[in-house]
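Please look over the structure below with its empty spaces and one helix pair in mind. The questions ask how each label is earned.

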Amino acid sequence: MKRISRNWLYTFIAIAFISIVLAGCASEPDEAGGTENDGKQHGGELVIATVSDAISLDPAGANDVPSFDIQFNIFEKLIKHDENMGLQPSLATSWEAVDDTTWEFKLQEGVTFHDGTTFNAEVVKANVERIIDEDVAAPTAYLLDMIDEVVVIDDYTIQIKTAYPFSGLPAHLAHSAGAMISLEQIEADYAAMEEGADPGSVINEKPIGTGYFKFDEWSPGQYIRLVKNEDYWDGAALLDSVTFKVVPEDLTRIAELNTGDSHVTNQLSSSDVAQIESTEGLAMLQQGSVSLDYLGFNTQKEPFDDERVRQAITMAINKEQIVDGIANGYAIPAAGPLAPNVFGYDENLEGIAYNQEEAKKLLAEAGYEDGFSTSIWTNETRERLDIATNIQSQLSEIGIEVEIEIFEWGAYLEKIGKGEHDMFILGWSNGTADADNGLYPLFHSENMGPPGNRTFLDHGELDSILEEARQTADEAERIELYKQAQELLVELAPMNYLMHKDYLSGLREEVKGLSMLPTKFLLLKDVYIEE
């Protein structure tokens, strides 16, 4: 559930009421922006202080939330999620299953890209074929790799044929992997690849989508600036521009909110909630999530190649300490990898219970009676560093000495993607709210590394269950298979499933109309700054 401070909520209700009363007499904006008769401010630049820079602005080049945060505003998909993770029309007006392996999509007409080119069926075909092209090597290709063929029926109708029945295809197309890029830019990018350039080099330089904001400027490590798409097909955004400003330090982001140098801090550490709520002019936005925060083990390296060691470490960590002491109660302990609001979640799943004495016995069984030395890696996020420090302390009680190493976000993803780590702290935001996307990328052996399986788990039985679940059209059978997978994952313990955390953002109270999806994406189209 989303929570906003009470004063902000009262203000929002009042504005919403006024906007309803005045909607019938709304006028066009004047040339300078100004205020329309809808009760909302038009124009202005919103500054969002973010923890990390994007890795790539090419949808086929990223598999991380900071990158998707930016892309979400530039590109659109055929289908989008609402705030309850329901599927809604976007660039597709409707869709239906024609038969077990064929989906038909009707497309929006009159939509143009930021370069003025037309969105149509040929564009969709090129985008889908690109995301699953092995030469492009998109880390999110697993989401659409069941697609066999995209057939253009007419300019605004396509059919997507899959290798097996896959009921989750619409949800997968709502993921950032399904973002639509200008056809001319795709062709230019392939031409650059033929000359030896990396995939996405052209797109990453100046991404071209159909979204309500368009790319303006990227100063790596500093900021990314987007500007309003005046020709947006579904009504222009209220803001003139949005700048995503990279501010890694939590307290610096809070300071920027206080001074007005930033309007929003995304994310907000739960440790700073009290400060936000006690400061006049600031408010908090809270959104329940489909996320998982976890401690991952490199299952290919000693001693973590022994599941008894992984189970012992899981058993030795009191998750309640982390939920209450670090997340400050804005989370629930996780039994397994799926959050409660994800399709396929097993509400009866029993995780590994906290028991340090049993943990010591398991370590002794595995040949580590005297413990061992190891390391935990994390990026600069204060909350993750706090989790690593807490785990370091708890594991010392069973004889495991832990060194903590901190990396910049891009370097961090690269290194754990290569399997250079022992243990690491990370999260997974399930962008489809379906069990397939919470299990298949994280644990199937084909997805080792950047696609998601950074624990490098390789387990034939689990692979088979996940493959069968993907290919089963019957919903009850899928749920049963995912139940089996979750039970097996508790036993295998490739990671310690720590918690399902609420997403928190801080904002100045003059920021109106801001909301967030359970995937963490901020919805910015209807945001305005009240002066």
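The turns below set values beside definitions.

This is a predicted model, in which local features need pLDDT of at least 70 and side-chain atom pairs count only at pLDDT 80 or more, while totals for chains, interfaces and linings use all residues. Residues are numbered from 1 along each chain as its sequence is written, and side-chain values use heavy atoms, with hydrogens and water left out.

Q: What makes an empty space a pocket or a cavity?
A: On a 1 Å grid over the protein atoms alone, a cavity is a set of points where a 1.4 Å probe fits but cannot get out, whereas a pocket is an open set with protein on both sides within 12 Å along at least five of seven lines; a lining residue has an atom within 4 Å of a point. Points are joined across faces, edges and corners, and the volume is the space filled by probe spheres set on them.

Q: How much space lies in the largest pocket, and which residues are closest to its centre?
A: The largest pocket holds about 510 Å³. Its lining has 23 residues, of which Phe72, Lys80, Tyr212, Leu523 and Lys525 are the closest to the centre.

Q: Which element gives the most to the lining of the largest pocket?
A: Two elements, strand S3 (79-81) and strand S4 (87-89), give two or more residues each, and S3 gives the most, with three. Strands here are DSSP runs (E, at least two residues) and helices are runs of H or I (at least four residues), numbered from the N terminus.

Q: How many cavities does a search of the whole structure find, and what lines the second largest?
A: The search finds five cavities of 30 Å³ or more. The second largest has about 60 Å³ of space, and its lining residues include Ile48, Asp69, Phe72 and Phe244. Helix H2 (65-74) is one of the contributors, and H2 supplies the largest share, three residues.

Q: Why are H14 and H16 called oblique to each other?
A: The axes of helix H14 (residues 435-443) and helix H16 (residues 475-492) come within 11 Å and cross at roughly 40°. Angles under 35 degrees count as roughly parallel, over 145 as roughly antiparallel, 65 to 115 as roughly perpendicular and the rest as oblique; H14 and H16 are therefore oblique.

Q: Which residues of H14 and H16 meet?
A: Ala435, Asp436, Leu439 and Phe443 of H14 meet Arg478, Tyr482, Ala485 and Leu489 of H16, where contact means heavy atoms within 4.5 Å.

How values were computed
Axes are lines fitted to C-alpha atoms, for helices over the stretch in contact, and angles run from 0 to 180 degrees between N-to-C directions.
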